[in-house]
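User: I'd like to learn how to read a model like this one, feature by feature. Could you walk me through it?

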Amino acid sequence: MDNHLIGEQITRYRKALNMTQEELGKAAGVSTQAVSRWENGGAPDVALLPAIADKLGVTIDALFGREGGEKIDIHDTVARWLAGMPMKDRFDQFCRLSWTVAKAMLAGRGVFPDMGYMEKCELKDEESGDCVLATSMVWLDGGIMLNLHSDEMSFATVWPTPEAGYEAFFAPGDDYRRLFAVLARPGCLETLEYLHSRTYRMYVPGTIAKAVETPVEEVVAILNELSELRVLRKTDLQLEDGMTQAYGIFSGGELVPFLYLARCMMQYGQYLVRINMEGGSQRPLLEGSRWNDKKETKDENK
């Protein structure tokens, strides 16, 4: 077995993915020092080759420098990789994979810092002294990635640019204005947090009002507005003394990403990593918006 060739191949594929020695070592169950030894003339144990090849996204033949090995179906490989993990670990491992993908998208361009997963999810802003989320933004021609990668807390979002532009799939502006107006009302966020902190069921306004310490008439107005916007579900209940309404969440999965992304928006410019390439910073985010159309019309009329 040509130890030098295998070490060179591991180095080549690892660097092409902007992957650290530590990240590869964790995937193979060895130390960073062990990976360093491989890349400097040593060789991994044969039993480790499948894990190394899977992490690098290549065949075992490729580690030996052989061409024509069986081509890997990356979708099938990732599916089998996730299926082999306990369910409780799958989301975390998916986020770690997205971190590798973010770096791989910029492979060979030397713009992405060589860093692994962070320990903490927040950083202190030197100017304000506030704690901000240590997010990473990658904005290329094909879309946007906004991710946070730490052992403490992480998330991954990928937003490919639709052919018709992002704005083509927004809700009507008046719907957003109604939503943000009701969210601004005292007791609204508390109401949503209360409903999302309970086992899924329907609640009458009095129960919610008491929990969030808001007058019941205010809570009723908030609940009715949210149900009209289809944020909440509303149903009629027959009680001994007449009819009443009860409210509950539909699924609840949207609130957490919504609040996280809102926090990211309120710390604009504070990123652990921010990459704008291929003219990304020179092009508008909403290229197909009505404002672009108005500008084009004005230019044509000059």
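**Reading the packing**

Analyst: Sure, let's start from a single residue. Setting aside neighbours within four places in sequence, I208 is in contact with T191, Y194, L195, Y203, V219 and L223. Keep in mind that this is a predicted model.

User: Which nonpolar core has I208 among the residues with the most contacts inside it?

Analyst: The general idea comes first: in soluble globular proteins, nonpolar side chains tend to be buried together. Here, the largest nonpolar core has 19 residues, and I208 is listed with C188, L192, L195, L226 and L232 as having the most contacts inside it. Helix 8 (173-183), helix 9, helix 10, helix 11 (216-228) and strand 7 (242-249) each give this core at least two residues. There is also a second, separate core of 16 residues, with A28, W38, A62 and L63 among its members.

User: How do I read the packing of two helices, and at what angle do helix 9 and helix 10 pack?

Analyst: Look at the angle, the axis distance and then the residues that touch. Helix 9 (residues 188-196) packs on helix 10 (residues 205-212) at about 110°, and the axes are 10 Å apart. Angles of 65 to 115 degrees count as roughly perpendicular, so helix 9 is roughly perpendicular to helix 10. On the helix 9 side the contact uses E190, T191, Y194 and L195, and on the helix 10 side T207, I208, A211 and V212. Sorted by class, that contact has five nonpolar, two polar and one charged residues.

User: What about backbone angles? Which residues other than glycine have a positive phi?

Analyst: Check the sign of phi, then the residue type, then the place in the chain. N18 has a positive phi of about 55° and is not a glycine; N18 sits in the loop between helix 1 (3-16) and helix 2 (21-28). E213 is another case, with phi near 55°, and its place is the loop between helix 10 and helix 11.

User: Is E213 buried or exposed?

Analyst: Exposed means over 50% relative accessible area. E213 counts as exposed because its relative accessibility is 75%.

User: And what follows helix 2?

Analyst: A glycine does: G29 comes after helix 2 and has a positive phi, near 75°. Within helix 2, the buried residues are E23, L24, G25 and A28. A28 also turns up in the second core.

User: How do I read residues that are far apart in sequence? Where does L261 lie?

Analyst: Compare the separation along the chain with the distance in space. L261 lies in helix 12 (residues 255-265). L261 and T157 are 104 residues apart in sequence, while their C-alpha atoms are 9.8 Å apart. Leaving out neighbours within four places, L261 is in contact with L146 and W159. L261 is partly exposed, at 30% relative accessible area.

User: What does C131 contact?

Analyst: Beyond its neighbours within four places in sequence, C131 is in contact with E122, L123, K124 and R263. C131 lies in strand 2 (residues 131-133) and is partly exposed, with a relative accessible area of 44%. C131 and Q267 are 136 residues apart in sequence and 9.6 Å apart C-alpha to C-alpha.

User: How many helices and strands does the protein chain have?

Analyst: The protein chain has 13 helices and eight strands. Of its 302 residues, 34% count as buried. Among contacts between residues at least 6 apart in sequence, 57% join residues at least 24 apart. The accessible surface is about 18800 Å², with 54% of it belonging to carbon and sulfur atoms.

Key: Residues numbered from 1 in each chain as written. Predicted model: local features only at pLDDT ≥ 70, side-chain atom pairs only at ≥ 80, totals over all residues. Heavy atoms only, no water. Axes fitted to C-alpha atoms, helices over the stretch in contact; angles between N-to-C directions. Helix = DSSP H or I, 4+ residues; strand = E, 2+ residues; numbered from the N terminus. Parallel < 35°, antiparallel > 145°, perpendicular 65-115°, else oblique. Contact = heavy atoms within 4.5 Å. Nonpolar A, V, L, I, M, F, W, Y, C, P; charged D, E, K, R; others polar. Core = buried A, V, L, I, M, F, W, Y, C linked by side-chain atoms within 4.5 Å. Buried < 20%, exposed > 50% of the residue type's maximum accessible area, 1.4 Å probe, protein only. Areas by Shrake-Rupley, 256 points an atom, 1.4 Å probe, with all protein chains shown as cover.
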